[in-house]
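Q: Please take a close look at a single strand in this model and at the strands that pair with it. Please then place that part in the context of the whole chain.

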Amino acid sequence: SATSSATIVTVNTLPTVTITASGATTFCIGGSVTLIASSGLSYLWSNGATSQSITVNSGGSYSVAVANAGSCSATSSATVVSVNPLPIASISSASTFLCGSGATVSLTATGGTSYQWSNNGVPIVGATASTYSANTIGTYTATATSSFGCIASATGSIMLTQMATPI
């Protein structure tokens, strides 16, 4: 009988692949998050990127395959990114004129769950309801906040002017 020479078998371990987010994975339109894969030799993200990290600004499910030095690869669990819409804010008013001393004009904002009114760019303290009773001239704007915390200014602002009192 004869003995063969020994054959060495090396078993390379699979990489442990995780994704770490640099911030919140749920944000408003206009935001982004950087997703970072655990260390490896090469990377292939579900969106086709081949770097260790990607910055995403659109919603979706992101995973990454990572190969190590032993040419073994593994794929991460998916990380879900959610992008919430901005509110569509608008302002309306029955009139844009203040008629006489002590007159008021009711302004109404829609599109959000909470509001902040301002006049000529200056926030009005305590003016956080959907309606505001304006009693001075100026350009009024309502900033709407959605239930997701997303913020948008009204699509139009109301400019109130003083109506001349007839003689």
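A: Two strands are said to pair if DSSP finds at least two bridges between them. The model examined here is predicted, and the part chosen is strand E9, which covers residues 79–84.

On one side of the description stands strand E2, made up of residues 26–28. E2 and E9 run in the parallel sense, and 3 bridges link the two strands. Within this pairing, threonine 26 has serine 82 of E9 as its bridge partner.

The second pairing involves strand E6, residues 60–62. Here the sense is antiparallel, again with E9 as the partner and with 3 bridges. Tyrosine 62 is found opposite threonine 79 of E9. E9 thus takes part in a parallel pairing with E2 and in an antiparallel pairing with E6.

As for the wider setting, the chain contains 18 strands and 0 helices. Its C-alpha atoms occupy a box of roughly 130 × 20 × 20 Å along the principal axes. The radius of gyration of the chain is 29 Å, whereas a compact globule of 167 residues would have a value near 15 Å.

Contacts and surface complete the picture. Of the contacts between residues at least 6 apart in sequence, 48% join residues at least 24 apart. Buried residues account for 30% of the 167 residues, where buried denotes under 20% relative accessible area. The accessible surface of the chain amounts to about 9,800 Å², and carbon and sulfur atoms contribute 56% of that surface.

Methods: Residues numbered from 1 in each chain as written. Predicted model: local features only at pLDDT ≥ 70, side-chain atom pairs only at ≥ 80, totals over all residues. Heavy atoms only, no water. Helix = DSSP H or I, 4+ residues; strand = E, 2+ residues; numbered from the N terminus. Rg over C-alpha atoms; globule rule 2.2 N^0.38 Å. Buried < 20%, exposed > 50% of the residue type's maximum accessible area, 1.4 Å probe, protein only. Contact = heavy atoms within 4.5 Å. Areas by Shrake-Rupley, 256 points an atom, 1.4 Å probe, with all protein chains shown as cover.
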